[in-house]
Amino acid sequence: MDWLATLYAAPLYAVALLSAGLAVYTWRRRGTNGAGAMTVFLLALTTWAAGAALEISVAGLPAKLVWSRLEYLGIVTVPPAWLVFVLQYTGQQRWLTRARVPLLYAMPLVTWVVFWTNEAHGLMWREVRLEGGLPFPALEVVEYGAWFWVHSAYSYTLMLVSAGLLGRAMFRRSRLYQVQSGVFLTALLVPLLVNLWYITGLSPIPHLDPTPFAFAVSGVLAVWGLFRFRLLDLVPVARDAVIEGMRDGVIVADSYGRVVDLNPAAQEVLGYPASKAVGRDVGRLLGGRELPARGNGAEIKLGARNQQRDYELSVSPLHDRRGRDQGRLILLRDVTERKRQEEELRQRAAELAVSNAELENFASFISHDLRAPLRSIEGFARILAEDYSEALDEQGQDYLRRVRAAGRRMGYFIDDLLDLSRVARRDMQNDTVDLAVVARAVVEDLRASDPDREVEFTVVGEMLVEADPNLIRVVIQNLLENAWKFTGPRKHPRVEFGVTRRDGSPVYYVRDNGVGFDPDHAGKLFETFQRLHTHDEFEGTGIGLATVQRIIHRHGGEVWAESSEGEGATFYFTL
């Protein structure tokens, strides 16, 4: 081949190098939506420009035809590659199925095969020759074949569809992405119009295709777009999916405080559509507020007077790669419901404080004012029993025993009620506690209270927990006292305190072979003042298990019971 150094080929080599560089850049970022198709497009452009440059640079018709075949490989690939990119960019990926994409490239492949075999059928061109009227010999097509016009119609259709999609994106997307779509649309239309100008014979240089030179302009636009807008970093589809779908209002303001973009939530908050909000001062839209350069947590009220809502305002600065101020990102989060709940919590806290104060006064009243007359009743009843029992007949002594028994029950009731009150009010001080040690101490106290009674107690192993020592003793004492009490009718009473596991977590239990209870009434066990047995059957106040439940809940655990009437009961608890 005879090589000709010509100034006409130099711009085409530059276009090829520029396109190749952009192809490498986009391939390195191929994880971004659309980058793969853009890489294919840029490689096709590189092939087109390089083939055209080499065609110009060589002499002789055979050599020019060889490089024109390389050139056509790029020519036929550009339209479908560009359409694939535009479909991805505009969020129309549903059309890019595994079956449709190969069909999209089928026509370019057929065209390239037809071009390579043109000498056999003349479908691409019927006659081609060298034109010598230029400073260099140029390839001139005297007459195009039928398939050339089929290929041209197909390519123009793809490019026009791409232009339509980008045009629609310009009108349907926010102002920021209108500019982005416009860059791509311009990059498409420039070579499209120049190529049409060449094919119709209007070019002043009829035998030199200026389309690759037009793609040089497209390359510059693509580079400018990539570095100015970073178009492949966040395509509008991602913006729509994330920003448009956010419940929080998002506003983008430029360095002068003017709104350049806002999502639907922000439009609803401000009461302005995007068409009226864009370009206005963001501070005025936010009620005349002077916005800080940055800051989180400030609260503002927006909306009509009778429909105002509370919003939390967050402002973040926006900088370019050089750190220069480009504007601010403003986030508006509706906190009306949260503030309402906070107000309800404050009111409840105040009501709880009043209730606690009243409970404190009630506990003080029980401790002092109610115990004093009760002690008097008990004291005088004891004196009557000790000093005047002979003066009372059998009925009188029975009345006296009932008085003393009622006094004792009242005393127990007051003690249990005070314990329940203290459980709710006292601060917890957790420490490592061995439940087995606590249980054995309670068992010794029970045996000491009734030395003549024989009960088989079983306390298994070591059971270390993190709990308030005083409160957890109240739990174990109540449960073991219940077991002691309700096994009274049994000839061979048994009580077991141990641990099992449920879902991998320890569950502690107290099991007895006492009288048990009706499982249909298990829900009442832990309610205050609820009893499943009468006073004549078993003494009690109905407060002990309510106290147990309250303590267990304060430790973040659960308590429940299982039983069959007449077959004993098992009380479980977790911490």
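Which residue is the bridge partner of D434 in β10? In the predicted model considered here, that partner is L464, and the bridge belongs to an antiparallel pairing of strand β8 (residues 431-434) with β10 that extends over four bridges. Strand β10 itself comprises residues 464-467, and its side chains alternate, with V465 and A467 directed to one face and buried, whereas L464 and E466 are directed to the other face and are not buried. This agrees with a general pattern, since in a regular strand the side chains alternate between the two faces of the sheet. On the β8 side, V433 is a member of the strand and is buried, with a relative accessible area of 6%, which places V433 under the 20% limit used for burial. The C-alpha atoms of V433 and A467 are separated by 6.5 Å, although these two residues are 34 residues apart along the chain.

D434 is also involved at the start of helix α15, where one of its side-chain oxygens comes to within 3.0 Å of the backbone nitrogen of A436. The 15 residues of α15 should span 21 Å at 1.5 Å a residue, and the end C-alpha atoms of the helix are indeed 21 Å apart, so the expected and computed values agree. The buried residues of α15 are L435, A436, V438, A439, V442, V443 and L446; viewed down the helix axis, these residues fall within an arc of 155°, and they therefore line one face of α15.

The loop between α15 (435-449) and β9 (456-459) contains R453, a residue that is buried but has no salt bridge, the nearest side chain of opposite charge being that of D450 at 5.4 Å. Because a salt bridge requires a side-chain nitrogen of Lys or Arg within 4 Å of a carboxyl oxygen of Asp or Glu, the separation of 5.4 Å from D450 does not qualify. The side chain of R453 does, however, make a polar contact with the side chain of T487, at 2.9 Å.

A comparable description can be given for helix α1 (residues 10-28), whose 19 residues should span 27 Å at 1.5 Å a residue and whose end C-alpha atoms are 27 Å apart, in agreement with that expectation. The buried residues of α1 are L12, V15, A16, S19, L22, A23 and T26; these cover an arc of only 135° around the axis, which puts them on the same side of the helix. L17 and R28, on the other side of α1, are exposed.

Strand β3 (residues 249-254) is mostly covered, five of its six residues being buried, and it takes part in pairings with two further strands. With strand β7 (residues 325-334), β3 pairs in the antiparallel sense over six bridges, and within this arrangement A253 has R328 of β7 as its bridge partner. With strand β4 (residues 259-262), β3 pairs in the antiparallel sense over three bridges, where I251 has L262 of β4 as its bridge partner. β3 and β4 form a hairpin with four residues between them, and G257 in the turn adopts a positive phi of about 85°.

Finally, D520 is located in the loop between β12 (505-512) and α17 (544-554) and is exposed, with a relative accessible area of 68%. The C-alpha atoms of D520 and S564 are 9.6 Å apart in space, while the two residues are 44 residues apart in sequence.

Note on methods. Residues are numbered from 1 along each chain as its sequence is written. This is a predicted model: local features need pLDDT of at least 70, side-chain atom pairs count only at pLDDT 80 or more; totals for chains, interfaces and linings use all residues. Side-chain values use heavy atoms; hydrogens and water are left out. Buried means under 20% relative accessible area, exposed over 50%, partly exposed in between (1.4 Å probe, protein chains only). Helices (H or I, at least four residues) and strands (E, at least two) are DSSP runs, numbered from the N terminus. Two strands pair if DSSP finds at least two bridges between them. The expected span of a helix is 1.5 Å times one less than its number of residues. The arc is that of the directions from the helix axis to the C-beta atoms. Lys and Arg count as positive and Asp and Glu as negative; His and the chain ends are not counted. A polar contact is a pair of N or O atoms within 3.5 Å; within protein, one must be able to donate a hydrogen and the other to accept it, and residues adjacent in sequence count only if both atoms are side-chain atoms.
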